[in-house]
Every structure is written in C-alpha cells, then in structure tokens.
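Here is a short tour of the fold, meant to be read with the structure open beside you. We will go through the sheet, the core, the ligand shell and a few residues in the loops.

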Amino acid sequence: MRPDRRGGEEAEVRVRIDGDRCTGHGRCYTLAPEVFGCDDRGFGEVAADGDVDPALEGPARLAAANCPEEAVFLEG
Ligand code: SF4
C-alpha cells in the first residue's frame, strides 16, 4: 500500500477487464470470485472498483493467467 492524495491507502495493484476481448468463458470469476463477477450474459467484470486487496493478488493473477482471451490486465 502507498498513501494516496487524500491521506488514505491506495492499492498497489489494480485490475481491469477489456470488454472487447472478453468472450465470457468465466474462468476469472470461477478462479477468483472475490475479485471478479459476471454480468447477466456471463461476461466477466471486476467486482469492486478495480483495486485489488493484497490478500487477493494471487487469485487475481491466477485468473489473468488463465483468461483464454488475455482480457484481464493487472497494473501496478
Ligand atoms: S476469463 Fe477472460 S474471457 Fe472469460 S469471462 Fe473472464 S475476462 Fe472474460
């Protein structure tokens, strides 16, 4: 964690899904349901605001590594 401009804590890692690539295989939300969810058509979406709790970085990276469309991006 590093301090943000408001004096709070900012996550080290952020995650996003490229909706143009996602074809809805569901591996992300199966492997890391705390980080990812799905919309009503089964396409992956980031469950929260994109900040990854450090305790969930491993599952988030596992999901990114297993996305067949390489649609999951971790930054930071
Ligand atoms: S694993 Fe990849 S293709 Fe499948 S739902 Fe998640 S982001 Fe979409």
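β3 and β7 pair in the antiparallel sense, over four bridges. This is a predicted model, so please read everything below as a description of a prediction. One place to look for the pairing is Arg14, whose bridge partner in β7 is Glu75. On the other strand pairing, β3 is joined to β6 by two bridges, and these strands also run antiparallel. Here Arg14 stands opposite Asp51 in β6, while the bridge partner of Val13 in β6 is Val52.

Put together, these strands make an open sheet of three, in the order β6-β3-β7 with antiparallel pairing. The edge strands are β6 (51-52) and β7 (72-75), each of which pairs on one side only. Packed on the sheet is α2, which touches β3, β6 and β7, and its direction makes about 140° with that of β7.

Stepping back to the whole chain, you will find two helices and seven strands. Along the sequence they follow the pattern β-β-β-α-β-β-β-α-β. Of the contacts with a separation of 6 or more, 57% are between residues 24 or more positions apart. Of the 76 residues in the protein, 21% count as buried.

**The core**

In soluble globular proteins, nonpolar side chains tend to be buried together. Which residues have the most contacts inside the largest nonpolar core? They are Cys28, Val35, Ala60, Ala63 and Val72, in a core of 15 residues. The elements that give two or more residues to this core are β3 (13-17), α1 (27-31) and α2 (57-66). The biggest share comes from α2, with three residues.

Ala60 is a good residue to click on here. Leaving aside neighbours within four places in sequence, Ala60 is in contact with Val15, Ala32, Val35, Val52 and Leu74.

**Around the ligand**

The ligand is surrounded by 15 residues, and the closest are Cys22, His25, Cys28, Gly44 and Cys67. By type, the shell divides into eight nonpolar, five polar and two charged residues. Cys28 therefore deserves a second look if you are exploring the core, as Cys28 is one of the residues with the most contacts inside the core, and is also among the closest to the ligand.

**Residues in the loops and at the end of the chain**

Two of the residues below lie in loops and one follows the last strand, and each is paired with a residue far along the sequence.

| Residue pair | Separation in sequence | C-alpha to C-alpha distance |
|---|---|---|
| Leu56 and Pro33 | 23 residues | 10.0 Å |
| Glu69 and Arg21 | 48 residues | 6.0 Å |
| Gly76 and Arg14 | 62 residues | 6.4 Å |

Leu56 sits in the loop between β6 and α2. Is Leu56 buried or partly exposed? Leu56 counts as partly exposed because it has 19 C-beta neighbours inside 10 Å, and 20 or more would be needed for a residue to be buried. Not counting residues up to four places away in sequence, Leu56 touches Ala32, Glu34 and Val35.

Glu69 is found in the loop between α2 and β7. With 15 C-beta neighbours inside 10 Å, Glu69 counts as partly exposed. Its contacts, not counting residues up to four places away in sequence, are with Arg21, Cys22 and Thr23. Cys22 also appears among the residues closest to the ligand.

Glu70 has its place in the loop between α2 and β7 as well. Glu70 counts as exposed because it has 10 C-beta neighbours inside 10 Å. What is the phi of Glu70? It is positive, at about 50°, although Glu70 is not a glycine. For background, most residues other than glycine have a negative phi.

Gly76 belongs to the segment after β7. With 12 other C-beta atoms within 10 Å, Gly76 is exposed. Leaving aside neighbours within four places in sequence, Gly76 is in contact with Glu12, Val13 and Arg14. Two of these residues were met in the sheet: Val13, the bridge partner of Val52, and Arg14, which stands opposite Asp51.

Technical notes
Residues are numbered from 1 along each chain as its sequence is written. This is a predicted model: local features need pLDDT of at least 70, side-chain atom pairs count only at pLDDT 80 or more; totals for chains, interfaces and linings use all residues. A nonpolar core is a set of buried Ala, Val, Leu, Ile, Met, Phe, Trp, Tyr and Cys residues joined through C-beta atoms within 7 Å. Two residues are in contact if their C-beta atoms, placed from the backbone, lie within 7 Å. Two strands pair if DSSP finds at least two bridges between them. Axes are lines fitted to C-alpha atoms, for helices over the stretch in contact, and angles run from 0 to 180 degrees between N-to-C directions. A residue is near a molecule or strand if its C-beta atom, placed from the backbone, lies within 6 Å of it. Ala, Val, Leu, Ile, Met, Phe, Trp, Tyr, Cys and Pro count as nonpolar, Asp, Glu, Lys and Arg as charged, and the others, Gly among them, as polar.
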